[in-house]
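Dear colleague,

I am passing on to you the structure that I have been going through, and I would be glad if you could look at it alongside these notes. The sequence and the structure come directly below, and what was found in them follows.

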Amino acid sequence: MEGLPCLPGNSFRDPTQTNFHVSHTLDVKNGHRVTKWPQVGLGGTRINYNQISEDELELLRNYRPELIYGKSVVQTPDKFVPATLAFDKKVLRFFGYFKQTIHESPNEYYRVRPIKILYYLEDDSLEILEEVQENSGIPQGKLLRRHRFPKNDQGETYNFRDINLGQNLSVYGKVFRVCDCDAFTREWLESEGLHVNQSELIPRDPYISKRTQAAELKTYKTKTDFDKLKQYIEMDRKVLRFYAVWDDRSKMFGEKREFVIQYFLVNDTMEIREVHQANDGRDPFPVLITRHKIPKDRYDVKGTFPHVFLELSETEVVNYFKPSDLMIGKTVNIYGRDFLIHDCDMFTKTFYTKNFGVNNFEPVDIQETRNEYAKMEIPPYNGFGSLEDSMQNCLRLQPERPKKDYVKLMENDHRVLRYEAVLDSPREDDKLRKFIFSYRLGDDTITIHEPPQRNSGIIGGRFLERTRVSKPGSTLERPQFYGPCDFYIGATVEVFRQRFIICSADLFVLKYAEEHPEQFTPTVIESLRQHLSNETGRPDARLTTNIRIQRRPGDFIRLYAEVRNKLKHMRITNHEEIRQMFLRYDKDRSGFVTRENIMDLFRQINLPLENDLIDAMVAECATSSEGKINLYDFLRFFDS
């Protein structure tokens, strides 16, 4: 195949070749990158062309053999050292400056800024630094980072031959003047065959020179005999305190306000603080005038003084407030406000007595008679509604519901004390009437029920609705209501001008009184115990009312309707559920339950029935022989 021309179709690939490795031509020697000619071709094949490098060919071209006698001396070639290693950490340092033009400044037209130019020989890179001056206000330090500075648009860069003393170095449109260099730079440039020019002085900045001359010509005043250090040592933490008022009521929306004037003896400064009162309607800013030296007349200055951008100093203002200007009874004008000093503290009085010989410190009376505002008067109770409801109408435009003691209401919801009473009346017809008092411990309300009596000519039923009853002789503003301790055997109870005499009570009353002796007096408990023991013949017998309730044919229907209404109010309308609840107590299926089972059932379903209504229903369905209740007759109250 070697004799064929290299034309398309005349070259063929060797099918037996399986190795296609390529020899590398780059290598690292002594930490430096060097080139290496390949020894074999692609896949390890023999190379047919010359592998001698250009340097070796140059050596062979200039080789001149010489005939010598004796043993030949082998010359060792010089060791190659790269520039990065030969010129490592060798830097040429030049000193110079550049001028910065200052626009719109009456004090200077240009500014001289000294610099340092560093030339790194290892890679021909440059760097320009500026020394940092304290409080100069100019961003200084590194002006141009280290890199090769471009020389022209053809891509050439600066080298050490282009930099010399007394020449300008133009970099990125800014001209830097090279004035001097260090000893190493001068020696190295001369070793390279370059002529180093004479050094130049860096010109001084004219603005800095002007300030230096002004500082040298500064004048000083002779110190006075007043020693501020002595005043600081003797008067430190000593403050004169005056109490003053500012009466501004002569102007619109003005008022009379109290202030505290504090005079600090350590540096003759003053501070005015406001005295706040409760509900004065002002923001809690305590300081009206901050601590500083206050002039007597801040407008007593020259007309040429520029108030717009300058503040008053001791040069313009001479008269300041002193302790002799502050006395009790004097009115001082501070920044347009007239403060009347009416009193001071004990330290201030001692200071004035010792230094000014003042002994009269009688305070000025600033109190004024205040107009008393009309107080809201609660109108008398008119009798409509309860006292609490009427009071809410007087206190608010939209009355709220009076608050109740819900803890007491939940604990004593079903506890009712029942008493039997008769009217205290001179009429013979009223003496035969009997009443049942029901006192509810949950809300201290009283209900009076009169059992109907046959052929009496008086319609029985509800005599008094559920309400709180006040005692006679109590005022309408502070009424005193009847409590459990006011009901005992023989007690006279006046209910809305009707007098009743308690003649009997339920056994539960005695039981409750013995369990809660703190609510009853010993006399009440003893009277109940003695009366119930005499009536029943035994101390633990249950009291039953001697009045037998005689009902007419329509009474049963009315009781039934009242029970149905209460059940509907409690959302108990399912007849089968009511039947199952009652049958749960009839365990032996005898058809009878006791009165305690009925009371327990009402208590579980939270049925708010009165005890007299329950007794009437039980009496309607109870058997006379065993005292049990016919369950099926009792269920007629719940079946429609």
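To begin at the surface of this predicted model, Phe20, Val22 and Leu42 together make a nonpolar patch of about 320 Å². Of these residues, leucine 42 is found in the loop that runs between β2 (32-35) and α1 (54-61), and with a relative accessible area of 46% leucine 42 is partly exposed.

For the overall picture, the protein has 640 residues, of which 30% are buried, and its secondary structure comes to 16 helices and 22 strands. The accessible surface amounts to about 46,300 Å², and carbon and sulfur atoms account for 51% of that surface. If one takes the contacts between residues at least 6 apart in sequence, 47% of them join residues that are at least 24 apart.

The sheet

One part that you may wish to find in the viewer is an open sheet of 6 strands, in which the strands follow the order β6-β5-β4-β3-β8-β7 and pair in the antiparallel sense. The edges of this sheet are taken by β6 (142-147) and β7 (168-171), and because each of them has a single partner strand, one side of each is left without a neighbour in the sheet. From one strand to the next, the twist averages 30°.

At the β6 edge, the pairing of β6 with strand β5 (residues 125-129) is antiparallel and extends over 3 bridges; within this pairing, leucine 126 has histidine 147 of β6 as its bridge partner. Elsewhere on the sheet, helix α3 (residues 183-191) lies across β3 (91-101) and β8 (174-181), and the helix runs at about 115° to β3.

Salt bridges

The count of salt bridges comes to 30, and a few of them can be described one by one. Glutamate 130 and arginine 113 meet through their side chains at 2.8 Å, N to O, and this pair links distant parts of the chain, since glutamate 130 belongs to the loop between β5 and β6 while arginine 113 belongs to strand β4, 17 residues apart. As for their surroundings, both glutamate 130 and arginine 113 are buried.

A second salt bridge joins aspartate 162 to lysine 151, with 3.3 Å between the closest N and O atoms. Aspartate 162 and lysine 151 both lie in the loop between β6 and β7, so the pair ties together parts that are 11 residues apart in sequence. Aspartate 162 is partly exposed, at a relative accessible area of 25%, and lysine 151 is likewise partly exposed, at 36%.

Further along the chain, aspartate 443 forms a salt bridge with arginine 466, where the closest N and O atoms are 3.0 Å apart. Here too the pair links distant parts of the chain, with aspartate 443 in the loop between β16 (434-440) and β17 (445-450) and arginine 466 in strand β18 (residues 461-467), 23 residues apart. Aspartate 443 has a relative accessible area of 27% and is therefore partly exposed, and arginine 466, at 46% relative accessibility, also counts as partly exposed.

Apart from these pairs, Asp247, Arg249, Lys256 and Glu368 are linked with one another in a network of salt bridges.

Backbone angles

Which residues might draw attention for their phi values? Most residues other than glycine have a negative phi, and against that background two residues deserve a look. Aspartate 124, which is not a glycine, has a positive phi near 55°; aspartate 124 sits in the loop between β4 (110-120) and β5, and its relative accessibility of 30% makes it partly exposed. Phenylalanine 253, again not a glycine, has a positive phi of about 60°. The place of phenylalanine 253 is the loop between β9 (239-247) and β10 (256-264), and at 78% relative accessibility phenylalanine 253 counts as exposed.

When you go through the structure yourself, please keep in mind that the model is predicted.

With kind regards

Notes:
Residues numbered from 1 in each chain as written. Predicted model: local features only at pLDDT ≥ 70, side-chain atom pairs only at ≥ 80, totals over all residues. Heavy atoms only, no water. Pairing = 2+ DSSP bridges. Helix = DSSP H or I, 4+ residues; strand = E, 2+ residues; numbered from the N terminus. Axes fitted to C-alpha atoms, helices over the stretch in contact; angles between N-to-C directions. Contact = heavy atoms within 4.5 Å. Buried < 20%, exposed > 50% of the residue type's maximum accessible area, 1.4 Å probe, protein only. Patch = residues over 30% accessible without salt bridge, like charges linked within 9 Å, V, L, I, M, F, W, Y side chains within 5 Å. Areas by Shrake-Rupley, 256 points an atom, 1.4 Å probe, with all protein chains shown as cover. Salt bridge = Lys/Arg side-chain N within 4 Å of Asp/Glu carboxyl O.
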